[in-house]
Amino acid sequence: MRQLLVFHEREDAEEVAATLGEWFPGLGVPRVVRETLAGEDDAEDAQWLVVVEGLAGESLAKVDELTEWFEGWREEG
């Protein structure tokens, strides 16, 4: 199942993506994409997403800890 890791800062998203690529080499480096919210007037309010597929169970718990460290959160997508 696809997981979306959501961050406010691009640097945080890129750091998490690189770390996940190291922790789970079979995944490769996850994609980092910018998501603007519908109706947002200010592009500065865009969120940064790390798109992760193929993780479950204990791996997701580890991902959650890393994501929270960078003040982000995980959503299923």
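The following paragraphs go through a predicted model of a protein chain, from its overall order of elements to the surroundings of its second helix.

The chain contains two helices and four strands, and these elements, read from the N terminus, run in the order β-α-β-β-α-β. Of the 77 residues in the chain, 36% are buried. Among the contacts with a sequence separation of 6 or more, 63% are accounted for by residues that lie 24 or more positions apart.

Helix 2 is a convenient place to look in detail. It covers residues 58-69, twelve residues in number, and from its first C-alpha to its last it reaches 17 Å, which is close to the 16 Å expected at 1.5 Å a residue. Within helix 2, the residues Leu60, Val63, Asp64, Leu66 and Thr67 are buried. When the helix is seen down its axis, these buried residues fall within an arc of 170°, so they line one face of helix 2. A general property of helices helps in reading this pattern: an α-helix has 3.6 residues a turn, so residues three or four places apart point the same way. On the other side of helix 2 are Glu58, Glu65, Glu68 and Trp69, which are exposed.

What, then, covers the buried residues of helix 2? The cover includes strand 1 (2-7), helix 1 (10-23) and strand 4 (73-76). Beyond the end of helix 2 comes glutamate 71, a residue whose phi is positive, near 60°.

The relation between the two helices can be followed further, since two packed helices are described by the angle between their axes and the distance between the axes. Helix 1 and helix 2 pack at an angle of about 150°, and their axes are 11 Å apart. Because an angle over 145 degrees counts as roughly antiparallel, helix 1 and helix 2 are described as roughly antiparallel to each other. Their crossing is right-handed. At the level of residues, Val16, Thr19, Leu20 and Trp23 of helix 1 meet Lys62, Val63 and Leu66 of helix 2; of these, Val63 and Leu66 are also included among the buried residues of helix 2.

A last point concerns glutamate 11, whose place is in helix 1. Glutamate 11 is exposed, with a relative accessible area of 54%, a value to be read against the cut-off by which exposed means over 50%. Although glutamate 11 and phenylalanine 70 are 59 residues apart along the chain, their C-alpha atoms are separated by 9.8 Å.

Methods:
Residues are numbered from 1 along each chain as its sequence is written. This is a predicted model: local features need pLDDT of at least 70, side-chain atom pairs count only at pLDDT 80 or more; totals for chains, interfaces and linings use all residues. Side-chain values use heavy atoms; hydrogens and water are left out. The expected span of a helix is 1.5 Å times one less than its number of residues. Buried means under 20% relative accessible area, exposed over 50%, partly exposed in between (1.4 Å probe, protein chains only). The arc is that of the directions from the helix axis to the C-beta atoms. Contact means heavy atoms within 4.5 Å. Axes are lines fitted to C-alpha atoms, for helices over the stretch in contact, and angles run from 0 to 180 degrees between N-to-C directions. Angles under 35 degrees count as roughly parallel, over 145 as roughly antiparallel, 65 to 115 as roughly perpendicular and the rest as oblique. A crossing is left-handed if the near helix is turned anticlockwise from the far one by less than a right angle, and right-handed if clockwise.
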